[in-house]
Amino acid sequence: MTLQAREIAIGHGERVLGRGHSFALRPGSVLALLGPNGAGKSTLLRTLLGRRPPLAGVVELDGRPLSALRERERARAIAWVPQHAAGGFDWPVRDLVMMGRTAHAGVGGGGHPAAHAPRGAAGGR
């Protein structure tokens, strides 16, 4: 699975925070974003997740534009855990992993095998 940005521009409305970004993220890749506050790091991540459309260019997942994918398809392929989550709950890692599995099984899980993380994949409390 490859997530690719092709000449994307990012920003808010008329305000462009960055342009001409092109790169591909393949399995096992690591992406580090460094920069001052307001530089567009979070905006770039939201664009790569399909939560914000690029101002120009295209973001693709395995050659398909993210905009062509349904939200559930994107959620099955791309996961993101923010540094600071709203709510302030002290969630065990296993619970966080299981919440991330919702896109594979739907709310409630319905007992579908895909709803369950592989054994030993997440720590307990």
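# Exercises on a predicted fold

Arginine 6 has a relative accessibility of 40%, so this residue counts as partly exposed; the classes are buried (under 20% relative accessible area), exposed (over 50%) and partly exposed in between, with a 1.4 Å probe and protein chains only. The model used here is predicted, so local features need pLDDT of at least 70 and side-chain atom pairs pLDDT 80 or more, while totals for chains, interfaces and linings use all residues. Residues are numbered from 1 along each chain as its sequence is written, and side-chain values use heavy atoms, leaving out hydrogens and water.

**Exercise 1. How many helices and strands does the protein chain have, and which pattern do they follow along the sequence?**

Step one: count the elements, which are DSSP runs numbered from the N terminus (helices are H or I with at least four residues, strands are E with at least two). The count gives four helices and four strands.

Step two: read them in sequence order. The pattern is β-β-α-β-β-α-α-α.

Step three: look at the chain as a whole. It has 125 residues, and 23% of them count as buried. For contacts (heavy atoms within 4.5 Å), take those with a separation of 6 or more: residues 24 or more positions apart account for 51% of them.

**Exercise 2. How many salt bridges does the structure hold, and which side chains meet glutamate 60 and arginine 64?**

Step one: apply the criterion, a side-chain nitrogen of Lys or Arg within 4 Å of a carboxyl oxygen of Asp or Glu. The structure holds two such pairs.

Step two: take glutamate 60. Its partner is arginine 6, at 2.8 Å from N to O. This pair joins distant parts of the chain, since glutamate 60 sits in strand E3 and arginine 6 in strand E1, 54 residues apart. Glutamate 60 has 11% relative accessibility and therefore counts as buried.

Step three: take arginine 64. Its partner is glutamate 73, with the closest N and O atoms 3.4 Å apart. Arginine 64 is partly exposed at 39% relative accessibility, and glutamate 73 is partly exposed too, with a relative accessible area of 25%.

**Exercise 3. Where is arginine 74 found, and what does it touch?**

Step one: place the residue. Arginine 74 belongs to helix H2, residues 71-77.

Step two: check its charge partners, with Lys and Arg as positive, Asp and Glu as negative, and His and the chain ends not counted. Arginine 74 is buried but has no salt bridge; glutamate 71 is the nearest side chain of opposite charge, 4.8 Å away.

Step three: look for polar contacts (N or O atoms within 3.5 Å, where within protein one must be able to donate a hydrogen and the other to accept it, and sequence neighbours count only if both atoms are side-chain atoms). The arginine 74 side chain reaches the backbone oxygen of leucine 69 at 3.4 Å.

Step four: list the neighbours. Leaving aside residues up to four places away in sequence, arginine 74 touches Leu49, Gly50, Leu66 and Leu69.

Step five: follow one of these onward. Glycine 50 comes just after H1 and takes a positive phi of about 85°.

**Exercise 4. Which residues of H1 are buried, and which elements do they pack against?**

Step one: pick out the buried residues. They are Thr43, Leu44, Thr47, Leu48 and Leu49.

Step two: trace their packing. These buried residues pack against E1, E2, E3 and H2.

**Exercise 5. What sign does phi have in glutamate 7 and aspartate 62?**

Step one: recall the background. Most residues other than glycine have a negative phi.

Step two: read off glutamate 7. Its phi is positive, about 50°. This residue lies in strand E1, residues 3-12, and is exposed at 52% relative accessibility.

Step three: read off aspartate 62. Here phi is also positive, near 50°. Aspartate 62 occupies the loop between strand E3 (56-61) and strand E4 (64-65) and is partly exposed at 48% relative accessibility.

**Exercise 6. Which residues form a nonpolar patch on the surface?**

Step one: apply the patch rule (residues with over 30% relative accessible area and no salt bridge, like charges joined within 9 Å, and nonpolar side chains Val, Leu, Ile, Met, Phe, Trp, Tyr within 5 Å).

Step two: name the members. Leu31, Leu45 and Trp80 make up the patch, with about 260 Å² of accessible area together; areas come from the Shrake-Rupley method with a 1.4 Å probe, and for residues only the protein chains shown count as cover.

Step three: locate one member. Leucine 31 is in the loop between strand E2 (15-25) and helix H1 (41-49), and is partly exposed at 37%.
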